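Me: I am new to this structure and would love a close look at one part of it. Could you pick a strand, walk me through its surroundings, and then show me a few other spots that help me find my way?

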Amino acid sequence: PPASQNNEQGSTLRDLLTTTAGKLRLGSTDAGIAFAPVYSTGTASGKSGRTMPNILDDIIASVVENKIPPNRAPKINVKSEIKDEPKDDKCIQDDCSKRYSDIQYSWICDKHVLWLRDHKNSNNWKLFKECWKQGRPVLVSGMHKKMNFSLWKAESISLDFGNQQADILNCKDSIISNTNVKEFWDGFEDVSKRQKVKNGETALLKLKDWPSGEDFKTMMPARYEDLLKSLPLPEYCSPEGKLNLASHLPGFFVRPDLGPRLCSAYGVAATKDHDIGTTNLHIEVSDIVNILVYVGIAKGNGVLSKSGVLKKLEEEDLDDLLRKRLKDSSELPGALWHIYAGKDADKIREFLQKIAKEQGLEVLPEHDPIRDQSWYVNKKLRQRLLEEYGVKTCTVIQFLGDAIILPAGALHQV
């Protein structure tokens with residue numbers, strides 16, 4: 001039987017997985033295992049045993065068989081269940097103000113987002129844990145102060161990697177082309193060098209996840225190391241963080257793609273249509289941390305001035321603290337996020353299908369507008385979403401050096 005059976009009080013799922021992993025070998029028939037082997041030695045026709053049983057079902061069966069004797073029904077501790085229920089917002093904030101007085105933080109977006117203002121505080125992770133339990137987004141500012149800024153300048157990346165080929169997305173019409181990376185970076189801050197579309201408008205371009213994952217580490221080792229040493233809340237975000245679950249998965253698990261990936265896009269300030277985004281509404285399957293490492297200031301005809309950009313941002317439904325940051329000349333705004341809780345996904349999906357029908361678009365039964373990333377929800381639609389479905393948008397401005405940390409399942413657009 002698994003070793004963890006001998007220590008019921010201190011056992012964990014990880015103990016169970018690691019202590020039984022060695023027995024999950026091809027064709028194992030060890031009678032001591034409380035569940036079938038993961039792979040049997042069955043023939044191609046599958047006549048002898050299961051060829052691909054569900055590993056999770058097997059593990060659960062093992063836990064149940066080993067933990068609950070057949071002659072004893074499991075007891076339910078009602079008191080502990082009540083104790084563990086989520087507290088309301090006010091209670092959480094009151095508790096935090098008393099217990100974490102040594103941490104510089106604020107609540108923004110109607111108390112929905114935690115803003116950690118001092119990235120250097122080694123106790124940040126303790127408050128982050130309280131917020132993360134509730135599935136709330138977190139903002140950490142000042143990460144660029146730990147980074148080698150020269151590595152992340154557009155001209156620096158263009159100089160080092162301009163001869164690379166990559167997929168470039170035209171955000172307005174979703175056309176993807178494979179082209180030289182230098183073309184993208186040349187137009188990053190010089191609008192006159194940007195591609196033009198058929199009607200003469202400036203194209204809103206985005207480099208699609210270039211580079212990402214192992215390619216990032218291999219292609220940009222200096223930037224990879226700079227990023228890793230600068231991650232916020234390293235206990236959670238570092239690949240080897242003690243509270244990063246993915247870093248503790250046993251070897252026989254397939255880990256999710258945790259990146260990193262470089263997300264680079266032009267701003268909408270040089271386009272006529274400000275109702276489009278560089279990242280449409282979608283859901284990530286794992287928790288993400290997004291750090292704004294560089295903000296380019298575009299120059300050329302038709303580009304909004306800095307004051308024009310600030311005025312556009314002030315038209316958003318912003319928290320008072322975010323409005324205050326906009327007025328701070330030392331802060332550089334770079335990206336506008338709209339975030340929704342995962343629990344609202346079905347309402348948003350229904351709303352977008354309704355809008356598609358209103359616009360005369362064909363809506364197939366299997367069509368999922370969120371999975372397909374086919375919508376950027378503009379200001380008018382966000383207002384309708386609130387009025388008709390009661391779904392409020394959490395609006396966050398990401399300034400240079402801000403890290404936005406989102407729980408898996410949270411919907412967002414940029």
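Reply: Happy to! Let's begin with strand S2, which covers residues 113–116. Please keep in mind that this is a predicted model. In S2, Val-113 and Trp-115 point one way, while Leu-114 and Leu-116 point the other way. Whichever way they point, all four of these residues are buried.

Now look at what lies beside the strand. S2 pairs with strand S1, residues 105–108, in the antiparallel sense, and four bridges join the two. One place to see this pairing is Ile-108, whose bridge partner in S2 is Val-113. S1 and S2 form a hairpin with four residues between the strands. In that hairpin, Cys-109 takes a positive phi near 55 degrees.

S2 also pairs with strand S3, residues 138–140, and here the strands run parallel, joined by three bridges. If you look for Leu-114, you will find it opposite Val-138 in S3. To get from S2 to S3, the chain passes through helix H5, residues 124–133, and this β-α-β crossover is right-handed.

From there, let's move along to strand S5, residues 175–180, where you will find Asn-180. Is this residue buried, exposed or something in between? Asn-180 is partly exposed, because its relative accessible area is 24% and the partly exposed range runs between 20% and 50%. Leaving aside residues up to four places away in sequence, Asn-180 touches Gly-162, Asn-163, Gln-164, Gln-165 and Ile-168. Take Asn-163: 17 residues separate it from Asn-180 along the chain, yet their C-alpha atoms are 6.1 Å apart. The side chain of Asn-180 also has a polar atom 3.1 Å from the backbone nitrogen of Lys-182.

Next come the charged side chains. The structure holds 23 salt bridges. One of them links the side chains of Arg-349 and Asp-368, with an N to O distance of 3.0 Å. Arg-349 belongs to helix H13, residues 345–358, and Asp-368 to the loop between H13 and helix H14, residues 379–389, so this pair ties together parts that are 19 residues apart in sequence. Both Arg-349 and Asp-368 are buried.

A second salt bridge joins the side chains of Glu-358 and Arg-384, at 2.9 Å from N to O. Because Glu-358 lies in H13 and Arg-384 in H14, this pair ties together parts that are 26 residues apart in sequence. Glu-358 is partly exposed, with a relative accessible area of 47%.

Arg-384 has another partner too: Glu-388 forms a salt bridge with Arg-384, and their closest N and O atoms are 2.7 Å apart. Glu-388 and Arg-384 are four residues apart in H14, so about one helical turn separates them. In an α-helix there are 3.6 residues a turn, so residues three or four places apart point the same way. Glu-388 is partly exposed, with a relative accessible area of 35%. Through salt bridges that share partners, Lys-354, Glu-358, Arg-384 and Glu-388 are joined into one network.

One last stop is helix H11, residues 306–314. Which of its residues are buried? They are Gly-308, Leu-310 and Leu-313. Among the elements that cover them are helix H12 (320–326), strand S10 (333–340) and strand S11 (394–399).

Key: Residues numbered from 1 in each chain as written. Predicted model: local features only at pLDDT ≥ 70, side-chain atom pairs only at ≥ 80, totals over all residues. Heavy atoms only, no water. Buried < 20%, exposed > 50% of the residue type's maximum accessible area, 1.4 Å probe, protein only. Contact = heavy atoms within 4.5 Å. Polar contact = N/O pair within 3.5 Å; in protein donor to acceptor, adjacent residues only side chain to side chain. Salt bridge = Lys/Arg side-chain N within 4 Å of Asp/Glu carboxyl O. Pairing = 2+ DSSP bridges. Right-handed = clockwise from strand over helix to strand, strands pointing away.
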